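User: Please take a close look at one part of this model. Start with its strands and their partners, then set that part beside the rest of the chain.

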Amino acid sequence: MRSRTSFFNPGLAKSLLKRFWPLMLVYLAVLLLSLPLQISSLIGRSWYDERLNYEILCRASEGVVYSALAALFMAMAMFSHLYNRRDCGLINSLPLRRETTWLTACFTGLLPLLLCPVLTWLVSRLLFAGNENISAAALGTWLQCILLANLAFYGLAVFCAMLTGNILAVPALFLALNLAAYGLEGIVRGILDRVVYGYATGTMLLSWLSPLMYMLSNVKASDSLDSFYGDSSRVAFAELKGLPALTGYAMAGAALLMISLLLYRRRQMETAGDVLAVKPLRPIFRYCASLCAALLLPSIFMDAMGSRLAGLTLTLVLIALMLLGAAAGYYLAEMLLQKSFRVFRVRAWGILALWAVLACLTLAFEFDLFGYERRIPTAEEIAQVQIPSIGRSTDDPEAIALCRQLHQRILDNKDHNENQADKDSGRYLHLRYTLKDGRELQRLYRVDNSKAWVDSGQSELPLAQQISQLESSRRLANMAEVPITAQSILRCNADVAYLDPNLPEDVNVSYEQTWISAEQAWELYATCILPDMDDSSLGTVWVYQDDSYYSLSSNITLSYLLTDPERQDNTDVYREYFAITVTMDAQRTLAWLEEHKGITAVPCGEIYSPTDVEYY
């Protein structure tokens with residue numbers, strides 16, 4: 001009789017299903033509660049009727065968390081024999097090849113992770129078959145998202161299960177691999193923010209190495225009521241962002257399953273009970289724990305101390321804490337591996353090497369050996385510069401020159417800002433250069449904004465104010481996302497502040513609102529506001545409120561409600577509010593308000609009391 005190799009054992013699969021069927025039932029119940037039952041509760045509510053597809057896709061993004069938990073518990077259940085010496089010996093006594101045992105356990109755990117979402121999808125299709133507001137495409141996208149997430153997390157969970165012989169270590173490893181890169185990058189950025197003057201964090205570069213965090217941030221539902229989803233014109237457009245990333249993670253999960261099979265074939269079964277079952281990985285585990293603790297302890301210290309330390313003193317304290325953290329992490333990892341507290345006789349020269357590298361890097365950043373802090377791009381390199389406090393970029397040569405001058409003054413005030421701004425008073429100035437080669441250079445500084453420092457003439461704020469008061473800057477500051485035209489204006493209102501004697505002295509300012517029709521609002525904007533922007537200070541964004549602010553700004557604010565003319569079918573949803581404070585030298589605007597609405601302007605200094613503590 002010809003023999004053959006079996007890669008799946010029905011008896012073992014049946015045994016696993018008998019033991020762990022409640023786990024599968026719980027997962028199915030969670031999916032049924034999260035999709036068909038919750039969506040059913042929204043049907044009939046007028047506001048939700050056109051957004052049901054969006055709500056379905058929101059359940060898909062929420063389902064990522066359920067997928068992670070289900071995959072973790074399923075992997076722990078299917079390979080639970082690896083964490084008990086008796087069970088491990090029993091299953092290895094069976095006349096089964098290791099490949100057969102692994103494949104049977106793996107596919108038995110994967111089956112409910114694929115079957116439960118499919119059953120939930122079928123129930124939803126049957127339940128919502130007659131509802132024209134629910135698209136089959138939205139339900140299909142939900143199913144696709146859940147299946148991809150399940151495969152991705154199951155592959156990672158099985159991989160973690162192969163690395164350890166302790167069942168409690170499986171969720172710890174799973175959580176670490178899902179969060180470590182994101183957390184460590186955040187900690188490093190936090191340390192650099194305190195050590196490197198002007199460090200701007202920017203976007204997270206390594207978050208994709210933390211699957212759960214990346215999915216939670218990028219797998220999102222979005223909707224718009226001016227387009228349509230599916231075949232029915234009554235169904236609002238909705239989409240799920242992040243599916244390509246989910247596909248990539250699912251492929252990585254499948255690859256990890258193959259690696260897990262190789263690890264299982266070579267696994268030493270007597271490692272049941274050990275924290276780390278793969279001996280070559282033990283040194284890596286020690287030094288990873290040491291590195292994490294060396295970075296985490298200084299981060300905790302900075303959060304606890306706040307801004308009491310700065311400069312070289314802070315850097316030296318951080319370096320000392322890094323040494324303590326590196327040693328603590330290393331020996332804690334050694335205790336877990338040895339299952340003993342008697343580990344301090346182990347000579348770990350690697351701790352000193354790791355600490356030396358971290359200390360040298362920290363000192364290099366403190367003394368700016370990489371040139372990060374003193375880097376100011378030349379005028380020839382700069383294509384555009386972002387205007388402080390406005391947030392828009394300009395290629396105006398005058399603005400670029402003033403921004404470079406502002407940057408230099410901030411560097412000249414480094415010692416003062418580091419020692420004073422974080423303690424007494426301060427505000428942030430964000431500088432962003434777009435270079436001609438396409439790169440961006442960003443700096444974020446906390447500067448002293450106390451009245452005494454600004455009045456001394458050494459502050460950066462007057463230069464920032466000068467940049468914001470350029471004609472080109474004022475034009476940019478008063479550009480709405482929706483172009484202001486006769487067709488885009490829905491209405492306008494004038495908010496007038498005045499002193500109310502009936503209120504207490506500390507809150508004696510009230511507001512009176514006057515409505516302006518769309519036709520009058522366009523006339524006011526085209527014939528008064530635009531010309532006044534050219535020959536007055538109208539449209540100025542004040543970086544700080546000095547004496548000129550209180551004398552030039554009036555008590556009148558004009559607020560325009562705009563809509564995109566190309567989206568007039570959706571005016572109730574797509575709107576933008578655009579506000580401008582009228583200044584006392586805007587003669588045309590003031591005359592129009594006086595003539596048509598009977599509004600008389602007064603300097604805001606007569607309404608609001610200037611602060612004596614700091615400039616806002």
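Analyst:
**An open sheet and its surroundings**

In this predicted model, four strands form an open sheet in the order β4-β3-β5-β6, and their pairing is antiparallel. The edges belong to β4 (393-394) and β6 (440-447). Each has a single partner strand, so one side of each is left without a neighbour in the sheet.

Look at the pairing between β5 and β6. Strand β5 covers residues 427-435, and its antiparallel pairing with β6 runs over eight bridges. Thr 434 gives a handle on the register: Glu 440 in β6 stands opposite it. A helix, α13 (residues 397-412), packs on this sheet. Helix α13 touches β3, β4, β5 and β6. Its direction makes about 130° with that of β5.

Now step back to the loop that leads into this sheet. Asp 368 sits between α12 and β3 (382-386). Its phi is positive, about 55°, although Asp 368 is not a glycine. Is Asp 368 buried or exposed? With a relative accessible area of 8%, Asp 368 falls under the 20% cut-off and therefore counts as buried. Lys 339 also deserves a check of its backbone. Its phi is near 55°, again a positive value in a residue other than glycine. Lys 339 belongs to the loop between α11 (311-338) and α12 (349-366).

A second sheet can be read in the same manner. It is open, has four strands in the order β8-β7-β9-β10, and pairs antiparallel. Here the edge strands are β8 (509-516) and β10 (576-583), each pairing on one side only. On average, neighbouring strands of this sheet are turned by 25° against each other, direction ignored. Strand β9 (residues 553-562) meets β10 in antiparallel fashion over seven bridges. Within that pairing, Leu 558 has Ile 580 of β10 as its bridge partner. Helix α20 (residues 587-597) packs on the sheet and touches β8, β9 and β10. The direction of α20 makes about 80° with that of β8.

Next, the helices. The largest nonpolar core holds 79 residues. Met 78, Phe 79, Trp 102, Phe 153 and Tyr 154 touch the most other members. At least two core residues come from each of α1 (10-42), α3, α5, α6, α7, α8, β2 (236-241) and α9. The top contributor is α6, which gives 19 residues. In soluble globular proteins, nonpolar side chains tend to be buried together.

Trp 102 shows how contacts run in this region. Beyond its neighbours within four places in sequence, Trp 102 is in contact with Phe 79, Val 158, Met 162, Leu 257, Ser 260, Leu 261 and Tyr 264.

Helix α8 (residues 211-218) has Pro 211, Leu 212 and Met 215 as its buried residues. They cover an arc of only 95° around the axis, which puts them on the same side of α8. An α-helix has 3.6 residues a turn, so residues three or four places apart point the same way. The cover over the buried residues of α8 includes α3 (52-78), α6 (136-163), α7 (169-195) and α9 (243-266).

One polar residue rounds off the tour. Ser 124 lies in helix α5, which spans residues 98-127. Its relative accessibility is 0%, so Ser 124 counts as buried. Not counting residues up to four places away in sequence, Ser 124 touches Leu 35, Pro 36 and Leu 139.

Notes: Residues are numbered from 1 along each chain as its sequence is written. This is a predicted model: local features need pLDDT of at least 70, side-chain atom pairs count only at pLDDT 80 or more; totals for chains, interfaces and linings use all residues. Side-chain values use heavy atoms; hydrogens and water are left out. Buried means under 20% relative accessible area, exposed over 50%, partly exposed in between (1.4 Å probe, protein chains only). Contact means heavy atoms within 4.5 Å. The arc is that of the directions from the helix axis to the C-beta atoms. Two strands pair if DSSP finds at least two bridges between them. Axes are lines fitted to C-alpha atoms, for helices over the stretch in contact, and angles run from 0 to 180 degrees between N-to-C directions. A nonpolar core is a set of buried Ala, Val, Leu, Ile, Met, Phe, Trp, Tyr and Cys residues joined through side-chain atoms within 4.5 Å.
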